[in-house]
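Student: I have a model open and want to reason through its packing. Can we take it piece by piece?

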2 protein chains.
Amino acid sequence: MQASAFCRSRVGPRKPPLCAVCRPLKLNYMVQYSPTLDAAFAALADPTRRGILERLGRRDASISDLAERFDMTLTGIKKHVTVLEDAGLVTTEKVGRVRTCRLGPRRLEDETKWIEGYRRTLNERLDSLGEFLERTKGTLP
Amino acid sequence: MQASAFCRSRVGPRKPPLCAVCRPLKLNYMVQYSPTLDAAFAALADPTRRGILERLGRRDASISDLAERFDMTLTGIKKHVTVLEDAGLVTTEKVGRVRTCRLGPRRLEDETKWIEGYRRTLNERLDSLGEFLERTKGTLP
């Protein structure tokens with residue numbers, strides 16, 4: 001069966017109805033092509049940024065607090081905080097001369113879901129392999 | 001209490017014993033400064049690479065299979081596969097002219113643990129906030 005244009009183009013103002021090949025892939029497609037997942041995983045790919053999230057998970061902190069904690073310049077910390085802000089993981093608010101950072105609206109729910117889904121697929125595959133080995137026990141040379 | 005040199009230097013052949021300030025941070029330090037976490041999260045920060053992992057989760061595939069599935073050039077797919085290989089998430093084996101890709105030894109266990117730990121901290125913080133609000137109900141103006 002031929003895959004519909006949806007699968008090949010990936011974009012377009014009006015998507016044609018999904019063919020039988022593409023339909024089961026729709027959920028994966030939606031989860032896979034997610035700019036928010038891209039931004040969150042990229043934000044987590046740095047030890048300082050993971051550290052900032054852990055620190056803010058305990059309590060809010062100013063840019064200066066974070067710079068002191070991570071032994072970095074204010075400019076360096078600001079760059080990391082901007083990446084976290086762009087990913088929706090942190091918000092900041094400036095009052096007077098102090099910019100306070102706190103955790104943002106996104107709580108890594110989608111990232112957890114993606115990893116859990118992936119690990120579930122792996123487990124199912126291992127189960128199938130186990131069943132196959134059990135079924136064919138003694139029949140293989 | 002003054003933080004020990006361990007917290008400030010982060011490196012060194014012989015680490016001094018941890019002070020009371022640094023000791024509770026040791027686990028976070030070990031998890032936070034992990035090149036494998038950096039590489040895995042960076043690998044996951046791209047929709048095509050997440051797609052390749054999902055595809056290989058179902059069954060092994062050649063570079064050509066993947067190129068066709070993701071409508072990309074062989075060179076483009078190879079670059080993505082190399083990033084996944086460097087992160088230990090995929091292994092490849094060349095037999096004749098065909099390079100077969102399969103899932104590697106790493107199964108995102110550490111990444112799951114990090115995200116779970118982070119979400120646990122958030123929940124504990126929300127619980128504390130709830131308890132505080134419950135305790136102070138009616139006492140605030």
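The questions below go from confidence to rings, then to the sheet and two unusual loop residues.

Student: What ipTM does the predictor give the complex?

Tutor: This is a predicted model. Confidence therefore comes before geometry. The pTM is 0.73, and the ipTM is 0.72.

Student: Which stretches of chain A have a pLDDT below 50?

Tutor: Chain A averages a pLDDT of 80, and 76% of its residues score at least 70. One low stretch, with 21 contacts beyond near neighbours in sequence, has a pLDDT below 50. Another stays under 50 and has 14 contacts beyond four places in sequence. They are residues 1-16 and residues 18-27.

Student: In what order do the elements of chain A run?

Tutor: Chain A has seven helices and three strands. Of its 141 residues, 40% count as buried. From the N terminus on, the order is α-α-α-α-β-α-α-β-β-α.

Student: How is the pair of F41(A) and F41(B) classed?

Tutor: There are five aromatic pairs over all chains. In the pair of F41(A) and F41(B), the ring centres are 6.1 Å apart and the planes make 20 degrees. Planes under 30 degrees apart count as stacked. The class of this pair is stacked.

Student: Why does that pair join two chains?

Tutor: F41(A) lies in helix α3 (residues 35-44) of chain A. F41(B) lies in helix α3 (residues 35-44) of chain B. The pair joins two chains because its rings belong to α3 of chain A and α3 of chain B.

Student: Are F41(A) and F41(B) buried or exposed?

Tutor: The cut-off for buried is under 20% relative accessible area. F41(A) has 0%, and F41(B) has 0%. So F41(A) counts as buried, and F41(B) counts as buried.

Student: How many residues apart in sequence are the parts tied together by F41(B) and W114(B)?

Tutor: The ring centres of F41(B) and W114(B) are 6.4 Å apart with planes at 75 degrees, so the pair is edge-to-face. W114(B) is buried, at 3% relative accessible area. F41(B) sits in α3 of chain B and W114(B) in α7 (residues 109-135) of chain B, so the parts they tie together are apart in sequence by 73 residues.

Student: Which residues form one aromatic cluster?

Tutor: F41(A) and F41(B) make a stacked pair. F41(B) and W114(B) make an edge-to-face pair. The cluster consists of F41(A), W114(A), Y118(A), F41(B), W114(B) and Y118(B).

Student: At what distance from the ring centre of F70(B) does R69(B) lie?

Tutor: In chain A, R69(A) lies over the face of F70(A), 4.9 Å from the ring centre. In chain B, R69(B) lies over the face of F70(B). The distance there is 4.8 Å.

Student: Which strands of the chain B sheet stand at the edges?

Tutor: The sheet is open, with three strands in the order β1-β3-β2 and antiparallel pairing. Each edge strand has a single partner, so one side of each is left without a neighbour in the sheet. The edge strands are β1 (61-62) and β2 (90-95).

Student: Which residue of β3(B) is the bridge partner of E93(B)?

Tutor: β1(B) pairs with β3(B) (residues 98-103) over two bridges. There, A61(B) stands opposite C101(B), and S62(B) stands opposite T100(B). On the other pairing, six bridges join β2(B) to β3(B). The partner of E93(B) is T100(B).

Student: What is the phi of G96(B)?

Tutor: β2(B) and β3(B) form a hairpin with two residues between them. G96(B) is in the turn. Its phi is positive, at about 65 degrees.

Student: What angle does helix α6 of chain B make with β2(B)?

Tutor: Helix α4 (residues 47-58) of chain B lies across β1, β2 and β3, at about 90 degrees to β3(B). Helix α6 (residues 74-86) packs on the sheet too, touching β2 and β3 of chain B. Its direction relative to that of β2(B) is about 120 degrees.

Student: Is L108(B) buried or exposed?

Tutor: D71(B) offers a parallel case: its phi is near 55 degrees, positive in a residue other than glycine. D71(B) is partly exposed, at 43%. L108(B), in the loop between β3 and α7 of chain B, has a positive phi near 65 degrees. At 0% relative accessibility, L108(B) counts as buried.

Note on methods
Residues numbered from 1 in each chain as written. Chains lettered and ligands numbered in written order. Predicted model: local features only at pLDDT ≥ 70, side-chain atom pairs only at ≥ 80, totals over all residues. Heavy atoms only, no water. Phe/Tyr/Trp six-rings, centres within 6.5 Å; stacked < 30°, edge-to-face > 60°. Helix = DSSP H or I, 4+ residues; strand = E, 2+ residues; numbered from the N terminus. Buried < 20%, exposed > 50% of the residue type's maximum accessible area, 1.4 Å probe, protein only. Lys NZ or Arg CZ within 6 Å of the ring centre and 35° of its normal. Pairing = 2+ DSSP bridges. Contact = heavy atoms within 4.5 Å. Axes fitted to C-alpha atoms, helices over the stretch in contact; angles between N-to-C directions. pLDDT = per-residue confidence, 0-100.
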